[in-house]
Amino acid sequence: MTSPQRTPLADPVTMTVNGARLIADPSGVAVLADEGVLLVSDLHFEKGSAYAVRGQFLPPYDTRATLRKLADAIALYQPRRVVALGDSFHDLGADDRMAPDDADALSELVASVEDWLWIEGNHDPKPPARFGGRAGFELDLGPLHLRHEPQAGDYPGEIAGHLHPCAKISGQGRRVRRRCFATDGARLILPAFGAFTGGLNVCDPAYAPLFRVRPHAYMLGRDRVYAVSGARLLGD
């Protein structure tokens with residue numbers, strides 16, 4: 001594994017979810033440091049090439065940028081286990097469209113970790129086998145339950161992705177919108193990690209079945225994470 005481009009955070013921001021403590025990293029990964037587990041969601045490899053097939057041309061480097069950022073996070077935290085919480089591949093044709101160098105880099109990254117679990121998502125119900133790792137639908141991890149799509153109702157300990165949460169705030173005469181972790185302390189929704197993934201504002205009604213009150217947002221900055229009370233969040 002290569003050396004990380006970043007240095008460890010001197011004062012990492014942590015979140016408590018159903019009693020479990022997780023580091024909220026500005027890259028968008030969450031880390032259970034004591035257990036050596038790194039969580040990441042919605043990588044959406046080959047989203048750019050999927051758009052190109054339909055005639056909407058985007059720079060074809062999203063997979064490479066996503067891989068480099070993920071490799072950096074793994075090199076930084078040295079996890080024993082990586083759990084990718086679904087939609088790691090944008091569609092079932094992503095494997096065939098991936099550049100050989102990117103495919104080799106992904107295989108090497110998976111092999112560098114003791115245990116890699118691909119949680120099945122709605123975009124990738126069958127992650128390609130050639131990259132290694134193992135596939136599963138859900139995972140219990142102590143007080144936590146990992147899946148791709150959050151379920152309506154009360155599910156303490158649920159950690160999911162799928163919704164691509166973003167948060168918007170106003171301050172110092174300007175408004176800022178960033179990807180974020182969304183949590184009420186009982187459950188957690190991870191931000192989308194992929195380079196070309198957008199975001200759904202946590203004030204959107206889609207979150208109402210998941211949280212009794214507006215969740216807190218841990219907004220991703222360039223070098224740190226900013227914890228913001230739900231009361232401060234703005235809709236789009």
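**Group meeting: the sheet, two helices and some loops**

Strand 2 pairs with strand 3, residues 30-32, in the antiparallel sense, and two bridges hold the pairing. Across that pairing, Ile-23 stands opposite Val-31 of strand 3. Before I go on, a reminder that this is a predicted model.

Let me place those strands in their sheet. The sheet is open, has seven strands and mixed pairing, and its order is 1-2-3-4-5-6-7. At the edges are strand 1 and strand 7, the latter covering 134-136, and each of them pairs on one side only. On average, neighbouring strands of this sheet are turned by 25° against each other, direction ignored.

Now the edge at strand 1. This strand spans residues 14-17, with Met-15 and Val-17 on a covered face and Thr-14 and Thr-16 on an uncovered one. Strand 1 and strand 2, residues 20-24, run antiparallel and are joined by four bridges. Which residue in strand 2 is the bridge partner of Met-15? That is Leu-22. The two strands make a hairpin with two residues between them, and in the turn Asn-18 has a positive phi of about 50°.

Next, what packs on the sheet. Helix 2, residues 62-77, does so, and it touches strand 2, strand 3, strand 4 (37-40), strand 5 (81-84) and strand 6 (115-119). The direction of helix 2 makes about 160° with that of strand 4. As for its length, 16 residues at 1.5 Å a residue should span 22 Å, and the end C-alpha atoms of helix 2 are 23 Å apart, so the two agree. The buried residues of helix 2 are Asp-62, Thr-63, Thr-66, Leu-67, Leu-70, Asp-72, Ala-73, Ile-74, Ala-75 and Leu-76. After helix 2 comes Gln-78, with a positive phi near 50°.

On to helix 4, residues 100-111. Its twelve residues reach 17 Å from the first C-alpha to the last, close to the 16 Å expected at 1.5 Å a residue. Which residues of helix 4 are buried? They are Asp-102, Ala-103, Leu-106, Leu-109 and Val-110. Why do they line one face? Seen down the axis of helix 4, these buried residues fall within an arc of 125°, so one face of the helix carries them. The background here is that an α-helix has 3.6 residues a turn, so residues three or four places apart point the same way. Pro-100, Asp-101, Glu-108 and Ala-111 are exposed on the other side of helix 4. The buried residues of helix 4 are covered by elements including helix 2 and strand 6.

One residue of helix 4 deserves its own slide, and that is Asp-102. Buried or exposed? Its relative accessibility is 7%, so Asp-102 counts as buried. Leaving aside neighbours within four places in sequence, Asp-102 is in contact with Thr-63, Arg-64 and Leu-67. Thr-63 and Leu-67 are themselves among the buried residues of helix 2. For Arg-68, I have a distance: Asp-102 and Arg-68 are 34 residues apart in sequence, and their C-alpha atoms are 9.8 Å apart in space.

Then the cysteines. How many disulfides does the model have? The count is zero. Cys-166 is in no disulfide, and the nearest cysteine sulfur to it, that of Cys-180, is 6.3 Å away. The cut-off is 2.5 Å between sulfur atoms, so a pair has to be within that to count. At 4% relative accessibility, Cys-166 counts as buried. Cys-203 is in no disulfide either, and its nearest cysteine sulfur, again that of Cys-180, is 9.4 Å away. Cys-203 counts as partly exposed, at 22% relative accessibility.

Last, two loop residues for anyone checking backbone angles. His-164 is not a glycine, yet it has a positive phi of about 55°. It sits in the loop between strand 10 (158-160) and strand 11 (165-171). Gln-172 is not a glycine either, and its phi is also positive, at about 55°. Its loop is the one between strand 11 and strand 12 (174-183). Where they part is accessibility: His-164 counts as buried at 13%, while Gln-172 counts as exposed at 83%.

Note on methods. Residues are numbered from 1 along each chain as its sequence is written. This is a predicted model: local features need pLDDT of at least 70, side-chain atom pairs count only at pLDDT 80 or more; totals for chains, interfaces and linings use all residues. Side-chain values use heavy atoms; hydrogens and water are left out. Buried means under 20% relative accessible area, exposed over 50%, partly exposed in between (1.4 Å probe, protein chains only). Two strands pair if DSSP finds at least two bridges between them. Axes are lines fitted to C-alpha atoms, for helices over the stretch in contact, and angles run from 0 to 180 degrees between N-to-C directions. Contact means heavy atoms within 4.5 Å. The expected span of a helix is 1.5 Å times one less than its number of residues. The arc is that of the directions from the helix axis to the C-beta atoms.
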